[in-house]
Amino acid sequence: MKIRFTKMQGAGNDFVVLDETRGRLGLTPAHYRWLADRHFGVGADQILTVRPSPGEGIDFEYVIHNADGGEVEQCGNGARCFARYVRDKGLTTQDTIRVQTLAGVIAPRLTPDGRVTVDMGRPVFEAALVPFDATGLTPVVQGMGQKWPLALSGQAQDAPVMVAVVSMGNPHAVQLVEDADTASVAETGPLIESHPRFPRRVNAGYLQIVDRSHVRLRVFERGAGETLACGTGACAAVAAGIRLGLLDAQVDVQTRGGLLTIAWSGQETDSVFMTGPATSVFEGQIELPDMP
């Protein structure tokens with residue numbers, strides 16, 4: 001079976017975008033893994049699928065599969081590319097669209113400067129809702145936030161890693177580091193991602209605070225490994241930093257793939273807003289192998 005696709009990227013986080021507005025392609029997890037493979041497929045951090053409105057007041061459904069073939073709740077950089085895609089393909093003429101995800105409804109908005117702003121919803125800090133199993137742990141309180149001790153198996157270290165846990169529709173564990181460049185992402189990222197205290201696994205963020213309105217960030221993503229940028233990871237990191245009393249209400253986040261701007265009032269009832277680039281790279285057609 002041949003399918004058409006668009007390759008896109010947002011701050012270096014790259015995607016294969018598929019159009020299912022006129023019918024399902026019937027892909028399996030093995031197909032998603034193959035498409036994401038950088039040697040045999042197209043190559044991507046995630047596969048994004050555009051589907052028609054599932055109900056009144058919603059413009060589209062947004063489905064996300066990680067490079068390992070698993071479906072996930074949310075992808076912030078992908079949401080911007082999703083909005084750019086449906087506009088560029090003439091699937092909508094609106095500047096703001098309402099999109100259904102597994103994590104709820106989001107509302108990306110195309111801005112006059114070519115970037116896209118996404119209302120990412122409110123951050124959730126309650127451990128059980130992230131979800132994070134805090135049984136037997138005592139958090140360190142800082143500002144309005146908390147940092148939890150996370151012991152990593154097989155790591156020869158005197159103390160556990162201290163993480164702020166937050167959900168942006170998907171789970172994140174954010175730790176403060178002195179230097180993002182030298183952070184032990186490759187070594188500790190897989191251990192945090194699959195830590196038994198996170199029953200749905202977790203995205204591991206490594207946050208370096210430059211000043212109150214500028215940070216640097218690396219993220220080891222659940223099911224994808226380290227990516228050049230992670231939109232929900234940037235939102236989670238800034239929200240955690242604001243709660244800990246370390247950041248102002250608007251923060252520029254420098255990722256390895258580009259710059260994202262995150263804004264949040266600090267009120268748990270308010271949404272986090274993310275602004276950043278969304279770019280089409282190329283389009284193509286590919287023959288899918290027969291897979292179960």
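In this predicted model, the largest cavity comes out at about 60 Å³. Its walls are built from Q46, N66, V72, Q74, C75, N170, N203, E221 and R222. Sorted by class, that lining is made up of five polar, two nonpolar and two charged residues. The count of cavities of 30 Å³ or more comes to four.

Then there is the largest pocket, which holds about 290 Å³ of space. A set of 16 residues lines this pocket, and R4, F5, D19, R22 and Y85 are the ones closest to its centre. Going by class again, seven of the lining residues are nonpolar, six are charged and three are polar. As for where they come from, strands β1 (residues 2-10) and β2 (residues 13-19) each chip in at least two residues. The top contributor is β1, which gives four residues to the pocket lining.

A look at one single residue, T261, rounds things off. T261 sits in strand β17, which runs over residues 259-263. Its relative accessibility is just 12%, so T261 counts as buried, the cut-off being under 20%. The side chain of T261 also pairs up with the side chain of D252 through a polar contact of 2.9 Å. D252 turns up again in the list of residues that T261 touches once neighbours within four places in sequence are set aside: R115, Q250, V251, D252, F273, M274 and T275.

Technical notes
Residues are numbered from 1 along each chain as its sequence is written. This is a predicted model: local features need pLDDT of at least 70, side-chain atom pairs count only at pLDDT 80 or more; totals for chains, interfaces and linings use all residues. Side-chain values use heavy atoms; hydrogens and water are left out. On a 1 Å grid over the protein atoms alone, a cavity is a set of points where a 1.4 Å probe fits but cannot get out, and a pocket is an open set with protein on both sides within 12 Å along at least five of seven lines; lining residues have an atom within 4 Å of a point. Grid points are joined across faces, edges and corners, and a volume is the space filled by probe spheres set on the points. Ala, Val, Leu, Ile, Met, Phe, Trp, Tyr, Cys and Pro count as nonpolar, Asp, Glu, Lys and Arg as charged, and the others, Gly among them, as polar. Buried means under 20% relative accessible area, exposed over 50%, partly exposed in between (1.4 Å probe, protein chains only). A polar contact is a pair of N or O atoms within 3.5 Å; within protein, one must be able to donate a hydrogen and the other to accept it, and residues adjacent in sequence count only if both atoms are side-chain atoms. Contact means heavy atoms within 4.5 Å.
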